[in-house]
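Work through the exercises below with the sequence and the structure side by side, and try each task before you read its solution.

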Amino acid sequence: MVRGEALIAYRALLRATRKSFAGDSVMLNASASEVRKKFEENRHVTSQTEIQRLLEEASEVSNFISTMIVQAKLNERGGYEVKLGQDHAGETLEVPSEEILRKSV
């Protein structure tokens, strides 16, 4: 039963990263590696309390990635634009300055 819950959490995290980082192969690969690494690090946890805590944490992270991360895309005018999806409705987003975005490229 726990194995199934862990698999559901793992897949939910990967889906969230694929959606949030669509079109950004660097972030897609990095996030998938990080998710895999975290699950591997905790593969041998046997305490039910700790397993439940880890599953809750995975759910929170998946929700955070889905609702709080939005990638800005460079447009043809040389500026960045953000397109919010329905997952972001009601959330408060902090938009980084153009200078910060340029430094990250």
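**Exercise 1.** Work out how the reach of helix H3 compares with the span expected at 1.5 Å a residue.

Solution. Begin with the limits of the helix in this predicted model: H3 covers residues 48-68, which gives it 21 residues. The expected span is 1.5 Å times one less than the number of residues, and for H3 this comes to 30 Å. From the first C-alpha to the last, the helix reaches 29 Å, which is close to the expected value.

**Exercise 2.** Find which residues of H3 are buried, and name helices that are included in what covers them.

Solution. The cut-off needed here is a relative accessible area under 20%, below which a residue counts as buried. In H3, the residues that meet it are Ile51, Leu54, Leu55, Ala58, Ser62, Ile65 and Thr67. The cover over these buried residues includes helix H1, residues 2-20, and helix H2, residues 25-41.

**Exercise 3.** Decide whether Ala16 is buried or exposed, and trace its contacts beyond its neighbours within four places in sequence.

Solution. First place the residue: Ala16 belongs to helix H1. Its relative accessible area is 3%, and therefore Ala16 counts as buried. Once the neighbours within four places are set aside, Ala16 is in contact with Ser62, Ile65 and Ser66; two of the residues already listed as buried in H3, Ser62 and Ile65, thus appear again. As a further distance to check, the C-alpha atoms of Ala16 and Ser31 are separated by 10.0 Å, although the two residues are 15 apart along the chain.

**Exercise 4.** Describe the largest pocket by its volume and its lining.

Solution. The largest pocket holds about 850 Å³ of space. Its lining is made up of 24 residues, among which Ala6, Tyr10, Lys38, Phe39 and Glu40 are the closest to the centre. Sorted by character, the lining residues comprise 14 nonpolar, 3 polar and 7 charged. Helices H1, H2 and H3 each contribute at least two residues to this lining.

**Exercise 5.** Set these parts within the whole protein chain by giving the order of its elements and the share of its residues that is buried.

Solution. The chain contains 4 helices and 2 strands, and read from the N terminus they follow the order α-α-α-β-β-α. Of its 105 residues, 22% count as buried. The chain exposes about 8000 Å², of which carbon and sulfur atoms supply 54%. Finally, among the contacts with a separation of 6 or more, 49% come from residues 24 or more positions apart.

Note on methods. Residues numbered from 1 in each chain as written. Predicted model: local features only at pLDDT ≥ 70, side-chain atom pairs only at ≥ 80, totals over all residues. Heavy atoms only, no water. Buried < 20%, exposed > 50% of the residue type's maximum accessible area, 1.4 Å probe, protein only. Contact = heavy atoms within 4.5 Å. Areas by Shrake-Rupley, 256 points an atom, 1.4 Å probe, with all protein chains shown as cover. 1 Å grid on protein atoms, 1.4 Å probe; cavity = no way out; pocket = protein on both sides within 12 Å on 5 of 7 lines; lining within 4 Å. Points joined across faces, edges and corners; volume = space filled by probe spheres on them. Nonpolar A, V, L, I, M, F, W, Y, C, P; charged D, E, K, R; others polar.
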